[in-house]
Amino acid sequence: MTLSPFYRELLAALNQGLLMSLALIVPSAVGGVLIGITAGAMRVFGSSWVRRLGDGYAALFRGTPLVVQLFVLYFGLPNVGLYLSPYAAAITGFMLCSGAYQSEYVRGALLSIKRGQYLGAQALGFSAWQTVSAIIVPQAVRRALHGCGNEIVYLIKYSSLAYVVTCMELTGQGKTIATEYFRFTEVFAIIGLYYLGLVTLALFVLKKIEQRLFVPGFGHR
Amino acid sequence: MTTDTTPILRVDHLRKCFGAACILKDASLSLRKGEIKVLIGPSGGGKSTLLQCINCLVLPDSGEIHLGGQRIDLANKADLYRLRQQVGMIFQDFNLFDHLSALDNIAIALRKVKKMGKREAAERARLELEQVGLAGKAGLYPAQLSGGQKQRVAIARALAMDPKALLLDEPTSALDPELIGEVIAVIRALAAQGMTMIMATHQIGLIATLADEILFMENGVIVEQGAPASLLGPGNPSKSQGFCDRLNDLADGGG
C-alpha cells in the first residue's frame, strides 16, 4: 500500500514535529519536577520570607495563562535586552509553569506526613536534614506521585502551545500542512492520535515507577 | 567524679508553657542506673510534656537537663542530638517509619545516627527483633503489623541505639486489650535486665510491680512521690492510691 502525497507529507512533518515535542516535553517534565520539589519544600520548611517567595512564584505561574507567560518570555523579554530562541522560550515557560503546579502537589504531600514521623526520627537522634531526607521525602514522594504524574500528562498536551512562539512541534507542523491542503479534520484527528500515544506511553512509565516505589500502606500495587 | 550513686539523668525545674497555658510548671527528677520510675496522674496533667521535655522533643522554656553528669546545652543542636540518641523514647502511637520494613526501621537509625555499615546495621537490627520475639517479621511493613507488634518493633528500635535510659509514654494505651500483654512482657523483660526507665502508664499491674518510685503528676507539678510500698495499699490516703482505685473501678465497671 502506498500513501498519497498528502499523507506522506503529513506524516513526515508530524514525525519531525514529534521529535521537537519530545525535546520540549522530556526536559520540561524533569525540570518541572525538580523545580516543584524545590519550591514545594521551600513552601513547607522555609523561613517566612523563603515561604513567601515560594508562594509568590506558585501564585504567579498558576494564576496567569500559559499563553501569556510564553508571550512575555518570547515577545516581551527582548524589550529588556533578553532574546530567547523559540525553543528556549517554550521550554522556560513550560518548566516554570509545570514547576508551580508540581510544587503544590509536593507541598500537599509533605504536609500530609504526620507529626509522629518527625518525632520518631528526632527521638532517635536524627538531625533535621536527616529527618527530612531519609524519612519525610521518601514518604512524600509516594504520596505526590499520582498528582505529579497527572501534571506530566497535562504538560504533554499543553506543550502544543509552543507553536504560538513559533517553535514548530507536533501541532505547529500539522497546522502548516492542514492550512496548505485545507484538510483540518484528518490532520487534527491524526495529531490527536499522536498525543494519545504520547500520553499512553507516559502513563505506562508512571505506572512502572509507581510499582517500583510500592510499599504496603502507600496505595495499591 | 562519677560513682554508682550519681544519677545518669537529672532534670531540674523544667517549665513549659504554650502561650498562656503552662502545661509543665516546675518538674525535677533524677534517675539512677537501673531505676524505674512510673509517672501517673490524670490526663492533661503534664506527663507526656514532661517526658518530651526530658529528651527535648519539646524544648523546655527553662530548667536544666544533665546526662551522665554533663549539662545539656539546650541551645546547641549537637548536644540535643546526643541527648536524644542516649535517651530512648517509646510513644503511645509507635511512630514507626511507615515506608520502611520492621528491619529497616531499626537499621536506618543505626546507619544514619550511629554511622554503622549497611550489613552491620542489618545484623544488629535482626538481633534486636529477635529480642522482642519478632525475628520472623523482619520484612513486614508497619501497615502489615498489629499494634502490639508495632510497639515491640519501636522498642527494639530504641534499644538498638544502646540508650542509657528509656522514656515510655503510655506504651500500651493505643493497643487493643488482647495485645497489651505481649508489650508488657517485653517491658518486664527489660526491667529484669536492669534497663533504666521512666514510664507514664495507666496499667495498674505495671505501676505496683515495676516501679521503684511512683511520681504522681497533676496540673504540671509532681505532687507526690515515693516507693509503691509507702504510697499504695488499701486505705492509703495518698493521691496515688486514689488514682489506682479509680483505675480499678473503671476496670471492674468495664469487665
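## Helix α5 of chain A

Let's start with helix α5 of chain A, residues 115-123, where Gly120(A), Ala121(A), Gln122(A) and Ala123(A) are buried. This is a predicted model, so everything below describes a computed structure.

What do the buried residues of α5(A) pack against? On their own chain they meet α6, residues 128-158. From chain B they pick up α2 (77-86) and β6 (87-90). After α5(A) comes Gly125(A), with a positive phi near 100°.

## Where the chains touch

The contact between the chains draws 20 residues from chain A and 22 residues from chain B. On the chain A side, α5 and α6 each put in at least two of the residues that touch chain B. Sorted by class, that side has 10 nonpolar, nine polar and one charged residues.

## Chain A as a whole

How many helices and strands does chain A have? The tally is eight helices and zero strands, so reading from the N terminus you get α-α-α-α-α-α-α-α. Along its principal axes, the C-alpha trace of chain A spans about 70 × 50 × 20 Å.

Of the 221 residues in chain A, 36% are buried. If you look at contacts in chain A with a separation of 6 or more, 74% of them link residues 24 or more positions apart.

## α1 against α2 in chain A

Now for a helix pair in chain A: α1 (residues 5-45) and α2 (residues 48-63) have axes that come within 7 Å and cross at roughly 135°. Are they parallel or oblique? That angle falls outside the ranges for roughly parallel, antiparallel or perpendicular, so α1(A) and α2(A) count as oblique to each other. Their crossing is left-handed.

From α1(A), the contact uses Ala39(A), Met42(A) and Arg43(A). From α2(A) come Val50(A), Arg51(A), Leu53(A), Gly54(A), Asp55(A), Tyr57(A) and Ala58(A). By class, this contact of α1(A) with α2(A) holds six nonpolar, one polar and three charged residues.

## A hairpin in chain B

Over in chain B, strands β1 (residues 9-18) and β2 (residues 21-31) pair in the antiparallel sense, with seven bridges. For Val11(B), the bridge partner in β2(B) is Leu29(B). The two strands, β1(B) and β2(B), make a hairpin with two residues between them. In the turn sits Gly19(B), whose phi is positive at about 65°.

## The enclosed helix α1 of chain B

Why is helix α1 of chain B, residues 47-54, described as largely enclosed by the rest of the structure? Because eight of its eight residues are buried. The roll call is Lys47(B), Ser48(B), Thr49(B), Leu50(B), Leu51(B), Gln52(B), Cys53(B) and Ile54(B). Just past α1(B), Cys56(B) takes a positive phi of about 65°.

## α5 alongside α6 in chain B

Chain B has a helix pair worth a look too. The axes of α5(B) (residues 147-160) and α6(B) (residues 177-192) come within 8 Å and cross at roughly 15°. Since angles under 35 degrees count as roughly parallel, α5(B) and α6(B) are therefore roughly parallel to each other. The crossing of α5(B) and α6(B) is right-handed.

Which residues of α5(B) and α6(B) meet? On the α5(B) side they are Gly147(B), Gly148(B), Gln151(B), Arg152(B) and Ile155(B). Facing them from α6(B) are Leu179(B), Glu182(B), Val183(B) and Val186(B). In class terms, the contact of α5(B) with α6(B) has four nonpolar, three polar and two charged residues.

Terms used: Residues are numbered from 1 along each chain as its sequence is written. Chains are lettered from A and ligands numbered from 1 in the order in which they are written. This is a predicted model: local features need pLDDT of at least 70, side-chain atom pairs count only at pLDDT 80 or more; totals for chains, interfaces and linings use all residues. A residue is buried if 20 or more other C-beta atoms lie within 10 Å of its own, exposed if 12 or fewer, and partly exposed in between; C-beta atoms are placed from the backbone. Helices (H or I, at least four residues) and strands (E, at least two) are DSSP runs, numbered from the N terminus. Two residues are in contact if their C-beta atoms, placed from the backbone, lie within 7 Å. Two strands pair if DSSP finds at least two bridges between them. Axes are lines fitted to C-alpha atoms, for helices over the stretch in contact, and angles run from 0 to 180 degrees between N-to-C directions. Angles under 35 degrees count as roughly parallel, over 145 as roughly antiparallel, 65 to 115 as roughly perpendicular and the rest as oblique. A crossing is left-handed if the near helix is turned anticlockwise from the far one by less than a right angle, and right-handed if clockwise. Ala, Val, Leu, Ile, Met, Phe, Trp, Tyr, Cys and Pro count as nonpolar, Asp, Glu, Lys and Arg as charged, and the others, Gly among them, as polar.
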